[in-house]
Amino acid sequence: MATNEVPPQLLRAMPVLQVADVRASVEFYTQKLGFGSHGFWGDGPDFYIVQRGAVTIALDRGQDGSVPLNQYWAAYVYVADADDLCAEFKAKGVEIVRGPEDTEYGCRDFDVRDHDGHLIAFGEDLNPGKGDRPGLG
């Protein structure tokens, strides 16, 4: 690519989480975390996409029944107000694993554990507009 060419634009990302039971996971994401639904795929069902705002997460049934977990976060979701969102989740009985708390990387965030054990972080950038890398100051 020549130095004056603009690289192709990346628009958004969608974490794909392996789950044991797609229906149970969809219920957690829609009822507890406020995501909307987009329909089931497959006979199991095998796959489902949930969305809240511009954030989408795919739930994919593990074919062998296993659910591999990340070392820590399976996804990090940037939000406008971490405290308000945390209060919403607490009111719905969501397990808050950590926070909300201010971090050394410039976010105020908290962690929840989903139906399958995946840890999802929700974080507010404390220095918006400061650089092009949210949360990194």
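**Close-up views of salt bridges and a loop residue**

**View 1. Asp83 and Arg108 form a salt bridge.** In this predicted model, the side chains of the two residues meet with N and O 3.0 Å apart. The pair links distant parts of the chain: Asp83 belongs to helix α2 (residues 82-91), while Arg108 belongs to strand β7, 25 residues apart. Asp83 has a relative accessibility of 33% and counts as partly exposed, because buried means under 20% and exposed means over 50%. Side chains of opposite charge can pair when their charged atoms come close.

**View 2. Arg108 also meets Asp102.** The side chains of Arg108 and Asp102 form a salt bridge, at 3.1 Å from N to O. Arg108 thus appears in this pair and in the pair with Asp83.

**View 3. Asp109 and Arg98 form a salt bridge.** Their closest N and O atoms are 2.6 Å apart. Asp109 lies in strand β7 and Arg98 in strand β6, so the salt bridge ties together parts that are eleven residues apart in sequence. Asp109 is buried, at 0% relative accessible area. Arg98 is also counted as buried, at 16% relative accessibility.

**View 4. A network of salt bridges links four residues.** Its members are Arg98, Glu101, Asp109 and Asp111. In the model, the count of salt bridges comes to eight.

**View 5. Thr103 sits in a loop between two strands.** The loop runs between β6 (96-102) and β7 (107-113). Is Thr103 buried or exposed? Thr103 is buried, because its relative accessible area is 15% and the cut-off is under 20%. Leaving aside residues up to four places away in sequence, Thr103 touches Arg98 and Asp109.

Notes:
Residues numbered from 1 in each chain as written. Predicted model: local features only at pLDDT ≥ 70, side-chain atom pairs only at ≥ 80, totals over all residues. Heavy atoms only, no water. Helix = DSSP H or I, 4+ residues; strand = E, 2+ residues; numbered from the N terminus. Buried < 20%, exposed > 50% of the residue type's maximum accessible area, 1.4 Å probe, protein only. Contact = heavy atoms within 4.5 Å.
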